[in-house]
Amino acid sequence: MEVLTPRSLDEALRLKSENPQAVPIAGGTDLMVAINFDRIRPNAVLNLNEVPELRGWSRANGTLRLGAGLTYAEAMREPLAGLLPALAEASRTVGSPQIRNRGTIGGNLGTSSPAGDALPPLLVAGADVVLASVRGERRVALGEFVVGPKRNALAEDELVTAVELEPASAAETFMKVGPRNAMVIAVVSLALRAGEELRAAFGSAGPVPILVRAPRDDADAFPERVAEAAAPIDDVRGTAAYRRHALRVLTRRALDRCLA
Amino acid sequence: MKIELTVNGEQREADVWEGESLLFALREKLGLPGSKNACEQGECGSCSVLLDGTLVCACLVLAAQADGHDVVTVEGLGATGEPHPVQEAFVEAGAVQCGFCTPGLVVATVDLLAHSPQPSEDEIREALSGNLCRCTGYAKIFDAVRLAAQ
């Protein structure tokens, strides 16, 4: 195994292009588990911790740019938490303080798990994922970025460098069901943004997180619509029937919270 | 590969396997077995250390990622015969049973009190939510945190 540690984004993209099999690592909250348990043994890992361009967040012409290296702990902090309240709420439900200090938004996107807690709030915010390679930069709508369970639109020479989205202009919230508060992979999760249009996105209730939209006047029928849009399965964390039911309940509660 | 890092204020070097965790390097290469190895998946918190002043699970940090960085383990909090006030509070409150989770809980508590010297009950619970203890039911541990905060 080889560890590649670039000190700039240019160097990171060059290394990824020269070593397309290199697996990116930032917070290590997914990859290190796989390595520790000998589930994968990559030829090379690309350590992104020393790439300053991936850190932090910025705002230009109203658009927010979250660096791929933004941690959940950072997403929970003001003033960002006030600009993206559902993402902050989702971040608070991730793992534990130790996990939130290391885990990154870019890692959540790269892993593309159906249970990724950051994905529903980013979906309702209409986020674009910024992908970069030595060939240049492109933007992919989050809904098109995740193409299957743990599968995404990244080309082998590309890295997730950022997410771009608009700050919340309407009430929004995030909810998650699990057996306890901390250290829980979502049995089901839901983000809702209630503007002129209602936008809900759920996690752990289908192969990919799905965005469901409806006019604000259709709020009464919205919980059923969200539940119907899900394609849940039975697994160790819950049954399909429970997940669909929970989505209906969460959507109702989220609407009550946001439309109050 | 060789890594150079600061551990408990001391400049150290270690020869590590590229896929090795910081936890393994601390315990097996640097002679610091205070950080415990249990779940190896970030669930239990018994390997909690401070990396550049931030609370992390050492099992989820690639040792190579710690190259050039600053690590504080439970061994670096106090000295022999001079325990850290949080360690004293854990002894005083009887917050130790089998003791395996204790180093991680002590490091997490030190981190909590550094950010919030007078934590609320909810803050204590949240701050220690990533540290599992299977012996005590946590009551004495919370007593120790309150005691240390005084």
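A crossing is left-handed if the near helix is turned anticlockwise from the far one by less than a right angle, and right-handed if clockwise. This is a predicted model: local features need pLDDT of at least 70, side-chain atom pairs need 80 or more, and totals for chains, interfaces and linings use all residues. Residues are numbered from 1 along each chain as written, with chains lettered from A and ligands numbered from 1 in written order.

**View 1. Helix 2 of chain B crosses helix 5 of chain B with right-handed sense.** Helix 2 spans residues 85-93 and helix 5 residues 139-149. Helices here are DSSP runs (H or I, at least four residues), numbered from the N terminus; strands are E runs of at least two. The two axes come within 8 Å and cross at roughly 135 degrees. Axes are lines fitted to C-alpha atoms, for helices over the stretch in contact; angles run from 0 to 180 degrees between N-to-C directions. Helix 2 of chain B is therefore oblique to helix 5 of chain B (under 35 degrees is roughly parallel, over 145 roughly antiparallel, 65 to 115 roughly perpendicular, the rest oblique).

**View 2. Residues of helix 2 of chain B meet residues of helix 5 of chain B.** Helix 2 contributes residues including B:Val86 and B:Phe90; helix 5 contributes residues including B:Asp143 and B:Leu147. Contact means C-beta atoms, placed from the backbone, within 7 Å.

**View 3. Domain 1 (2-75) and domain 2 (85-149) of chain B touch.** Bounds come from an automatic or database domain assignment. Their C-alpha centres are 21 Å apart. Domain 1 gives 12 residues to the contact, domain 2 gives 11. Strand 3 (residues 48-51) supplies the largest share of the domain 1 side, 3 residues.

Note on methods: Two residues are in contact if their C-beta atoms, placed from the backbone, lie within 7 Å.
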